[in-house]
Amino acid sequence: MKRELYSEEHEIFREAFRKFLEKEAVPCRAEWEKARIVSRSFWKKAGEQGFLAPWVEEAYGGAGADFLYSAVEVEEVNLIGAYELVGMCMHSDIVVPYIHAFGTQEQKQRWIPGCVTGDIITAIAMTEPNAGSDLQAIRTTAVKDGDAYVLNGQKTFISNGFLNDLVIVACLTDPRAKPRHAGISLICVEEGTPGYQKVRKLDKIGLHAQDTAELFFEDCRVPRENLLGAEEGRGFIQLMVKLQQERLVCAISSMAAIRGVLGWTKKYCEERVCFGKPIIRFQNTRFKLVEMYTMAEALQAFMDRLVREHMKGTDVVTETSMAKWMCSEELKKTVDQCLQFFGGYGYMEEYPIAKAYRDVRASTIFAGTTEIMKEIIGRRLGM
């Protein structure tokens, strides 16, 4: 079924971005895997080509494009299986929007232009060793001391953890606040700030080139003007407002990854001969592929409608939570089934399906687990 979400201009942009990835990302992926990090030079090239936060207004150095340009980028990254570039999508469509939506004019002028050029790579630090989906359980504190906040605490599972030049830290500026979430604020910490330590890259099952780190803040003095939005106690609300887009981006990623994996698998099944005929001629293979293609078609229709509603400003928290868990869980099942069709070759690193198998497993976990999504949906439906 032909998609009607994108205009001709979006498709021209898609072609340009795809060529950029083929030239600047695909040849480097093995090197990035070994180094356990995407090179900063790639980020700079992406910025020079206008591929970082393309929605930012011209006043801050952006192109002033709509959200669909971001969606195109997220899709193309996942269609080619460059899952390690999740950090780039997170920077452009999850972290920078916090600064744009909630930052003071001075903060926006100070940071956003660098975010567009690739001179400033961003991260957001919410998760702690004992606080994941339950943000109210965070323990990182920020205490006023003259013209600064003194941060103390630990964050973990932070994407762009080593690359970042600017990290938005969820912390308690009032640990005694009741309810507890009223004491949460977001503070922006810049690279080189004394007491800010990028402790270690975490060894993960997959997404090896996407740097994920533990961060420590030990008597870290941050200027008070780095409080995002210059008003304490607004952090939890700010996070809740932006989670709709974060989960939508995750769902778009999973949906595109499904389509990418199905494309590789169908091609392989057409070429792989067993018992004298291509394995796609076996009924079991055809039926399984048909089932996966049918589910993908239905989910894509839902996703395209959801993107439209999000762009209108509609409250679709319930639906984006549905999409996040459905698409990520379907991706997990699809990759598992597709790898089976590759047989022993599916277990070899030289085939993209093997990389997909280890990389996409995190999709049902990050940005809120499947179980948390269902909990949110249940509450919003009055259950």
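Visitor: In this predicted model, is Lys 266 buried, partly exposed or exposed?

Guide: The relative accessible area of Lys 266 is 32%. Buried would require under 20%, and exposed over 50%. Because its value falls in between, Lys 266 counts as partly exposed.

Visitor: With which residue does the side chain of Lys 266 meet in a salt bridge?

Guide: The partner also lies in helix 7, four residues away, about one turn of the helix. That partner is itself partly exposed, with a relative accessible area of 38%. The N to O distance of the pair is 2.7 Å, and the partner of Lys 266 is Glu 270.

Visitor: Which helix gives the largest share of the largest nonpolar core?

Guide: This core has 64 residues, and Leu 21, Phe 42, Leu 85, Met 88, Ile 252 and Met 303 have the most contacts inside it. Among the elements that give two or more residues to the core are helix 1 (8-24), helix 3 (40-48) and helix 8 (283-312). The largest share, 11 residues, comes from helix 7.

Visitor: How many residues does the second, separate core have?

Guide: Its members include Tyr 98, Leu 135, Leu 166 and Phe 236. In soluble globular proteins, nonpolar side chains tend to be buried together. The size of this second core is 30 residues.

Visitor: How far apart in space are Ser 254 and Ser 363, C-alpha to C-alpha?

Guide: Ser 254 lies in helix 7 and counts as buried because its relative accessibility is 3%. Leaving aside neighbours within four places in sequence, Ser 254 is in contact with Cys 327, Ser 328, Leu 331 and Ser 363. Although Ser 254 and Ser 363 are 109 residues apart in sequence, their C-alpha to C-alpha distance is 7.2 Å.

Visitor: Which helices hold Glu 24 and Lys 45?

Guide: Glu 24 forms a salt bridge with Lys 45, the closest N and O atoms being 3.1 Å apart. Glu 24 counts as buried at 15% relative accessibility, whereas Lys 45 is partly exposed at 34%. The pair ties together parts that are 21 residues apart in sequence, because Glu 24 lies in helix 1 and Lys 45 in helix 3.

Visitor: Which strands are linked by the salt bridge of Arg 221 and Asp 145?

Guide: The side chains of Arg 221 and Asp 145 meet at 2.7 Å, N to O. Arg 221 is partly exposed, at 39%, and Asp 145 is partly exposed, at 39%. The two residues are 76 residues apart, and the pair links strand 7 (residues 212-223) and strand 2 (residues 141-145).

Conventions. Residues numbered from 1 in each chain as written. Predicted model: local features only at pLDDT ≥ 70, side-chain atom pairs only at ≥ 80, totals over all residues. Heavy atoms only, no water. Core = buried A, V, L, I, M, F, W, Y, C linked by side-chain atoms within 4.5 Å. Buried < 20%, exposed > 50% of the residue type's maximum accessible area, 1.4 Å probe, protein only. Contact = heavy atoms within 4.5 Å. Salt bridge = Lys/Arg side-chain N within 4 Å of Asp/Glu carboxyl O.
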